[in-house]
Amino acid sequence: MLAGIEATTALQTGRDHNPSRLSARVRRTLVPDDPSSTTATGLGGQHLGIGLTLGGALIAVFLLGHFIVEWQGWPFLTLSMMAWILLISSALIINQIARRLATHMPLWLFLTALGLGTVVVVLDLAGCWGLTGAGIYPTAAAAVGALLMSMITLRDTTSILSAIAGLTVLLLIGALAEDREDMLTFGPEVLTIAIAIIPPLVGAGIARGFRRMVQRELDLVLVQSTISQPRFTVGMLASEQLARLDLDAETLLNDVAQGRTALPLAPTTAMTAAALATALRLHLIEGRTETWLHHAISESEFLSPAVTLIDPTGLAGLLSPVQREGLLLTIWLLVGDTSGPGASVSLRFGPIAPTPASSRTHYLHFDLELTTTAVPRRRVDPEIWQAIRAVGPYIDSNRNGTLQVDIECSAENPADV
C-alpha cells in the first residue's frame with residue numbers, strides 16, 4: 001500500500017497543490033509567460049509594440065535632425081557620426097532579427113543591444129566632450145532611449161527598467177564629469193537626459209499596464225467558466241490530471257490486450273498499475289465538498305489572496321447561474337476595482353433557515369454574510385449593488401471602515417429537484 005502511494009506521488013509529480021497557480025498555468029497556454037510573447041503577438045500587443053517603436057523612431061529622427069543642423073560646430077565630428085551610424089545599423093539589424101524570431105528577443109540579443117548602446121553612448125559623449133560652452137550636447141546617446149522603446153514589448157519590464165537605469169547613470173556620469181565654466185550649461189544636459197529616459201519610462205509603464213489588463217481579463221474569463229459547474233465539482237487542474245491518468249491507464253490496458261505486456265505483470269509494472277488505480281480512486285472521492293465558488297476563488301490569481309470563503313456545507317453550490325454570476329461579479333469588482341492596499345473580502349454561508357412544516361415551498365433559505373476590509377462604502381460602485389441584488393435581498397451596514405452586507409439567498413432544494 002505504501003509503495004502504491006509513493007508511486008502515485010511519483011506519477012503526480014508536478015501536480016500543483018496550490019490552486020491559485022492554475023490560472024497562471026492556463027494563461028501560459030493562452031498567453032505565454034514571456035512578456036515579449038504576451039504583448040508582441042497576442043491581444044493587440046503587436047500594435048502596442050509598433051506604436052512604441054514608431055514613437056521611438058520619431059524621437060531619434062528629431063535628434064538626428066538636430067545633429068545634422070549643428071554638426072558644423074563639431075570638432076570631433078567623426079566620433080559622433082560613428083555613434084549615429086552604429087545606432088541606426090544596430091536598431092535595424094536587431095529589429096530584423098527579433099522579427100525572424102517571432103517577435104521574441106532572447107537574452108543574448110538583448111545583451112548585445114545593450115552593449116552596442118553603451119558603445120554609442122561612449123562614442124557620442126567623447127565626440128561632445130568639452131563643447132557644452134558652444135551649446136553642443138549628445139544626440140546619439142540620447143537616441144539610445146529610442147532604441148530601448150523598440151524593445152519594451154520584447155522583454156520584461158524589469159529588464160527594460162534596468163537598461164534605462166544604466167543609460168541614466170552613463171549620461172549623468174558624462175554630465176557631472178565634464179568641466180564647466182558656466183553652471184547654466186548643465187540645464188541642457190538635464191534636458192538631454194530627460195529626452196533619453198522619459199519616453200522609454202512612459203512606454204514601459206504603458207506596456208506593464210497593458211500586460212496586467214490582459215492577465216486580469218484572462219483570469220476573469222477562467223473564473224467565470226466555473227459558474228455552470230455542478231454543486232460539488234473538481235477544479236480544472238484536477239480534470240487535467242484525471243485526463244492524464246486516464247490516458248496512462250488506457251495505454252497500460254492496451255499494452256496488455258495487444259500482448260506487449262506479459263501476464264502476470266512484472267513488479268515494476270504492477271506497482272505502476274496500482275498507483276494508477278489509487279490515483280483514480282482518489283480523484284473519484286476528492287473534491288466532493290468543494291463547490292464552484294471554492295474553485296473560482298482558489299484558482300484565481302487575483303481573488304485567492306484577498307477572498308476568504310467559509311462554506312462548510314457547500315451552500316454556494318445551490319445558487320442558480322444568475323445568482324452565481326452576480327456573486328462572482330460582486331467579489332471581482334470589490335477586489336479589483338474599488339479596493340486599496342490590504343483590501344479583502346470574506347464570505348460566510350449559512351446556516352439554512354428552518355422552513356415551517358406548513359410551507360410547501362421547494363426553496364431553501366440561507367444567509368450570506370459578505371464582509372469587506374479597507375473598502376469604503378463610498379467607493380462601492382452602483383454596479384456592485386446591482387450585482388448583489390441578483391443574489392438576493394440585502395441589508396448593508398458600515399462600521400469602522402468595514403462594509404458588511406447581509407444577503408438573504410433563496411435556492412431550489414436539491415431534494416425536490
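**Overall layout, a strand trio and a nonpolar patch**

The protein chain holds 14 helices and 5 strands, and the model behind that tally is a predicted one. Of its 417 residues, 41% count as buried. As for who touches whom, take the contacts with a separation of 6 or more: 75% of them come from residues 24 or more positions apart. On the outside, the accessible surface of the chain adds up to about 21,900 Å², and carbon and sulfur atoms own 63% of that area.

Now for some of the strands. Strand β3, spanning residues 363-373, pairs with strand β2, residues 344-352, in the antiparallel sense, and 7 bridges hold the register between them. Within this pairing, R348 sits opposite E369 of β3. Strand β3 also runs antiparallel to strand β5, residues 402-412, with 9 bridges joining these two. Here Y363 has E412 in β5 as its bridge partner. So β3 is paired with β2 and with β5. In general, side chains in a regular strand alternate between the two faces of the sheet.

Back on the surface, I68, W71, M81 and I85 make up a nonpolar patch of about 360 Å². One of these, I68, belongs to helix α4, which covers residues 45-70. With a relative accessible area of 42%, I68 is partly exposed; patch residues need over 30%, so I68 clears that cut-off because its value is 42%.

Methods: Residues are numbered from 1 along each chain as its sequence is written. This is a predicted model: local features need pLDDT of at least 70, side-chain atom pairs count only at pLDDT 80 or more; totals for chains, interfaces and linings use all residues. Side-chain values use heavy atoms; hydrogens and water are left out. Patches are made of residues with over 30% relative accessible area and no salt bridge: like charges are joined within 9 Å, nonpolar side chains (Val, Leu, Ile, Met, Phe, Trp, Tyr) within 5 Å. Accessible areas come from the Shrake-Rupley method with a 1.4 Å probe; for residues, only the protein chains shown count as cover. A salt bridge is a side-chain nitrogen of Lys or Arg within 4 Å of a carboxyl oxygen of Asp or Glu. Helices (H or I, at least four residues) and strands (E, at least two) are DSSP runs, numbered from the N terminus. Buried means under 20% relative accessible area, exposed over 50%, partly exposed in between (1.4 Å probe, protein chains only). Contact means heavy atoms within 4.5 Å. Two strands pair if DSSP finds at least two bridges between them.
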